[in-house]
Amino acid sequence: MSDDDLLGFIESVSGDAHLRVEEDLGNGFVRLRTAEAERRQAKHDIRTVEDIIIEVLRNARDADAGAIFLATVREGDFRSITVIDNGSGIPEHLRDRIFEPRVTSKLDSMTMDTWGVHGRGMALYSIKCNSVSASVLDSQVNGGSSIAIVVDGNELGERTDQSTLPEVERQDDGRYMVMRGPHNIARTVAEFSVEYRHDVEVYVGSPAEIAATLIEYGRHRLSDKQLLFCDNPRELPICLRLAACVDASELVQCAEMIGLGLSERTAHRILHAQIAPQKVLIEKIIKNGQGQQKSPDIFKDNRGLKIAPEDIESFSRHLEDAFELIAGRYYLSLSKMPKVSITKNSIHVRFDFDKDV
C-alpha cells in the first residue's frame, strides 16, 4: 500500500483527528498539535467584523503608517474591507507568508496597547482564518500596502447599525474620549483614532469615497511635474497613484489593483468632483459638536428606521443603471448620483441630469 493509500485509509477511519492530535492521553484528553492549537486560538481572537477592523488598523500602525484609508461595503451577506496605508510595506516574497501563524516583523518591538498584545504574529493569521479571503493586493517597501478582506456575514457577525457615528467628549485635561454609540465600525475606528490622534490619520468610506480621498491626498503631495509626466502610476507609492491617473479608464484600472472596485461612470464622477473626498474621521466627528452628530435624516424615518450608507449607495448604483433606459433615448446624462430620501412611509428618488447637445 502506498503512503497516499495509507493516509486515505486513516482519514476514512478517523477523519482528520490524527492531523489535529499529537497525543491521546486517555479518558477523552488529548494533546493538540501546534497547528490545531493555533487555529483554535485564531478563531477565538476574531469574533466580529469590528475585531478585524481594529486588527488591520493596529497592523498598519505598527508598519509606521501615518495615513490609513479604510474602504468597506456590504453587499448581501458579504462585507468587503480594503485597507490602504502609507507604511513600510511588505516585500513581494512575503506577501503570502504574513498570513501564516507566528510570522511578524516585530521581534524586538511587541506592542501592548488598549486592545492587548500585538506583535506575536497571530493577527493576520486570525483574520485569514475568519474570512472568506484575505490577501495583499499590492505593496512597496517603504511605499505602503493594500490588503483586501472579504467576510461572510453568516459566519462572522457585525453590528446591525453601521450608520451611527459615536459621540466624543473632551476631557478636563484636553484629551478626547469616545463615550457613546453602537460598537460598530465607525466607533472602532474612532477609538483607535482618539488613541493615536497625533500619529495616524484614518479615513473611512465606500470604495468610491476612498478613491476620491486618495486622489485629493496624492494631489497635495505630488508636484505638478510628477502629476503631468508620470507615465506609469504604479511606480508611485500606493497612496499617491490615483492622483496621477489621467482619465476615468486609467483610474478604474489603478483603483482595481489596490482593491477599490469602480465603474467607469463612478470614475467619471470622481474626476468631476461629484463624489466628495472624506475627511479624517475623528476630526469630522469632533468638528460636528464633539461627536454629537446624528445620522442624516435620509437614513431613517420617524420611527427610527435606519438604512446603512452602503445600502443607499448600492441602491443608487442600480438606479443609475435603470436611468440609462431613458438617457439614451432622450439624450440625457446624470449630473449627480441619484438622491435617495426616506420619509415615514415612502422612498423618494431624484435624478439631476444634463441635456446632451
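Is Phe69 buried or exposed? Its relative accessibility is 0%, so Phe69 counts as buried. That goes for a predicted model, which is what we have here, and Phe69 is a handy place to start the tour.

**Around Phe69**

The structure holds four aromatic pairs. In one of them, Phe69 and Tyr203 are stacked, with 4.8 Å from centre to centre and 5° between the planes. This pair ties together distant parts of the chain: Phe69 belongs to strand β3 (residues 67-75) and Tyr203 to strand β11 (residues 201-205), 134 residues apart. Both Phe69 and Tyr203 are buried.

Phe69 has another ring partner, Tyr217. Here the planes stand at 80° and the centres are 5.1 Å apart, so Phe69 and Tyr217 make an edge-to-face pair. Once more, distant parts of the chain are linked: Phe69 sits in strand β3, while Tyr217 sits in helix α7 (residues 207-219), 148 residues apart. What about the burial of Tyr217? At 10% relative accessibility, under the 20% cut-off, Tyr217 counts as buried too. Put the rings together and you get one aromatic cluster made of Phe69, Tyr203 and Tyr217.

Tyr217 also has a charged companion: Arg221 lies over the face of its ring, 3.6 Å from the ring centre. Elsewhere, the charged end of Lys128 sits over the ring of Phe99, at 5.3 Å from the centre.

**The nonpolar core and a buried helix**

Which residues have the most contacts inside the largest nonpolar core? They are Leu242 and Leu260, in a core of 76 residues. Take Leu260 as an example: setting aside its neighbours within four places in sequence, it is in contact with residues including Ala71, Thr82, Ile84, Pro207 and Ile210. Leu242 is also on the contact list of Leu260, as are Ala211, Leu214 and Ala255.

Next up is helix α4, covering residues 49-62. Its 14 residues reach 20 Å from the first C-alpha to the last, close to the 20 Å expected at 1.5 Å a residue. Of those 14 residues, 13 are buried, so α4 is largely enclosed by the rest of the structure. After α4 comes Asp64, whose phi is positive, near 65°.

**A hairpin and some positive phi values**

Strand β7 (residues 133-140) and strand β8 (residues 144-152) run antiparallel, and seven bridges join them. If you want to find one match across the strands, look at Val136: its bridge partner in β8 is Ile147. The hairpin has three residues between the strands, and Asn142 in this hairpin takes a positive phi near 65°.

Why does a positive phi deserve a second look? Most residues other than glycine have a negative phi. Asn142 goes the other way, and so does Tyr331, with a phi near 60°. Here are those two side by side:

| Residue | Phi | Place | Relative accessibility |
|---|---|---|---|
| Asn142 | near 65° | loop between β7 and β8 | 63% |
| Tyr331 | near 60° | loop between α12 (309-330) and β12 (332-334) | 58% |

Are these two loop residues buried or exposed? Asn142 is exposed, at 63% relative accessible area, and Tyr331 counts as exposed at 58% relative accessibility. Phe69, where we began, is buried at 0%.

Technical notes: Residues numbered from 1 in each chain as written. Predicted model: local features only at pLDDT ≥ 70, side-chain atom pairs only at ≥ 80, totals over all residues. Heavy atoms only, no water. Helix = DSSP H or I, 4+ residues; strand = E, 2+ residues; numbered from the N terminus. Expected span 1.5 Å × (residues − 1). Buried < 20%, exposed > 50% of the residue type's maximum accessible area, 1.4 Å probe, protein only. Pairing = 2+ DSSP bridges. Core = buried A, V, L, I, M, F, W, Y, C linked by side-chain atoms within 4.5 Å. Contact = heavy atoms within 4.5 Å. Phe/Tyr/Trp six-rings, centres within 6.5 Å; stacked < 30°, edge-to-face > 60°. Lys NZ or Arg CZ within 6 Å of the ring centre and 35° of its normal.
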